[in-house]
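Work through the exercises below with the sequence and the model open. Try each task before reading its solution.

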Amino acid sequence: MPRTEFIATAFHVPERVVSNDDLAQLMDTSDEWIVQRSGIKTRYWVSDGETGASLATQAARKALAKAGMRAADLDCIVYCTCTPDHFEPGNGVFLERELGLTDIPAIDVRNQCSGFIYGLSVADAWIRTGQYRRILLVGAEVHSRGLDRTTRGRDTAVLFGDGAGVAILGPTDDPARGVLSTHLFADGRHAEDLWVDAPGLAHDPYISEELIRQGKHRAVMDGREVFKSASLLMPQSVAAALAANGLAPADITLLVPHQANLRIIEMVQKAIGLRDDQVCTNIQKYGNTTAASIPIALDEALCNGRLKRGDLLVLTAFGSGFTWASAAVRW
Ligand code: COA
């Protein structure tokens, strides 16, 4: 069976940069509070006319150019997002249309911050079995329009940003390279610890002025529970990836963790016992872009020359659900 390799990666963020001081104009917060609690200094927000699919399209075009491929060379889209442009259909078909494609499958993965690794796991299985050979894996989010940008929503509004990151994946016959393993976890007992209640068909009607008045259409979270669980479970997922491949923390060239919060990443680094140069962070600039955070960080790391052939890349993520996941990749 072939392994799955990363053929190209790319990302795209909107032009509009939003600083912590900009947020302090909208709500009762401060640069000091946000930096101290999360490490975030800026994030990007979409402007009129931009959508998740339009960000993903820009990122996909950049990746295709890097790979020297045309959109027609793709044979499947795996689109990971928790902020779709519409209730239905999924965003994959909108991206497919923007790329001028009409006859390849497009699947949406709704696993929030773990979405990109869940999507990688699906794509990896398809590539290894030969079902598809050129998969466009996308993580893209538009959080800004869903945030409560008032003091009521300040605990979440300051954390999230918009953006899209993609990877083009394909088979390699080199047994020493590619995705070594993926590890997926979920625990629905925590479903309401980080969630958006409405619109949802558990309600009748599924959206109403009353639900909106109650703020049920906004993301709400138990920040402390999320923090505690993420700090515990991301290291466990990395341990699972290392154990499955007979590897140790010292073997990791680069850990690209989901960029949820700089303090969480620091806890994860400490728990695994990694040096600073083994861990990738860029949350300072982009905030938490959920399913987009890993491919954005990975592409930046590659542009900065942080991975070379034969290096060990480990990905880990945690998010709403709770879901968490990891992957080990021999570059
Ligand atoms: N600016 C200023 N003050 C804020 C604020 C903001 N943006 N958001 C909340 N506060 C206030 C709270 O209202 C609270 O005030 P009070 O003490 O008067 O009630 C105070 O700051 C402290 O809140 P607390 O919840 O104790 O802070 P914390 O240290 O737990 O940090 C988070 C809050 C959200 C930053 C932290 O819990 C966290 O990072 N959790 C994980 C979030 C995450 O990563 N989510 C995505 C996972 S994929």
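The exercises cover domains, cores, a helix, the ligand and two single residues.

The model is predicted: local features need pLDDT of at least 70, side-chain atom pairs count only at pLDDT 80 or more, and totals for chains, interfaces and linings use all residues. Residues are numbered from 1 along each chain as its sequence is written, and side-chain values use heavy atoms, with hydrogens and water left out.

**Exercise 1. Domains**

Task: State the domain bounds and describe the contact between the domains.

Solution. Step 1: the assignment gives domain 1 (3-172) and domain 2 (178-330); such bounds come from an automatic or database domain assignment. Step 2: over C-alpha atoms, the centres of domain 1 and domain 2 are 14 Å apart. Step 3: 51 residues from domain 1 and 51 residues from domain 2 take part in the contact, where contact means heavy atoms within 4.5 Å.

**Exercise 2. The largest nonpolar core**

Task: Find where the largest nonpolar core lies relative to the domains.

Solution. Step 1: a nonpolar core is a set of buried Ala, Val, Leu, Ile, Met, Phe, Trp, Tyr and Cys residues joined through side-chain atoms within 4.5 Å. Buried means under 20% relative accessible area, exposed over 50%, and partly exposed in between (1.4 Å probe, protein chains only). Step 2: the largest such core has 33 residues, and F6, V78, L120, L169, V256, L313 and L315 have the most contacts inside it. Step 3: elements that each supply at least two of its residues include β4 (76-80), α5 (115-129), β11 (254-257) and β12 (312-319). Helices (H or I, at least four residues) and strands (E, at least two) are DSSP runs, numbered from the N terminus. Step 4: α5 gives the largest share, six residues. Step 5: domain 1 (3-172) and domain 2 (178-330) both give residues to this core, so it lies between them.

A second, separate core of 24 residues includes A71, L74, Y79 and I168.

**Exercise 3. Helix α4**

Task: Which elements do the buried residues of α4 pack against?

Solution. Step 1: in α4 (residues 91-98), the buried residues are N91, G92, F94, L95 and E96. Step 2: they pack against α3 (52-67), β4, β5 (106-109) and β6. Step 3: after α4 comes G100, with a positive phi near 80°.

**Exercise 4. The ligand**

Task: Identify residues with polar atoms close to ligand atoms, and give the distances.

Solution. Step 1: there are 20 residues around the ligand, and T29, R37, G223, R224 and N261 come nearest; a residue counts if one of its heavy atoms lies within 4 Å. Step 2: a polar backbone atom of G223 is 2.9 Å from a nitrogen atom of the ligand. Step 3: oxygen atoms of the ligand lie 2.4 Å from a polar side-chain atom of R224 and 2.5 Å from one of N261. Step 4: on its own the ligand has 970 Å² of accessible area, of which the protein covers 73%; areas come from the Shrake-Rupley method with a 1.4 Å probe.

**Exercise 5. Two single residues**

Task: Are T323 and G68 buried or exposed?

Solution. Step 1: T323, found in strand β13, counts as buried because its relative accessibility is 6%. Step 2: its side chain makes a polar contact with the side chain of S114 at 2.9 Å. Within protein, a polar contact is a pair of N or O atoms within 3.5 Å, one able to donate a hydrogen and the other to accept it; residues adjacent in sequence count only if both atoms are side-chain atoms. Step 3: G68 lies in the loop between α3 and β4 and, at 66% relative accessibility, counts as exposed.
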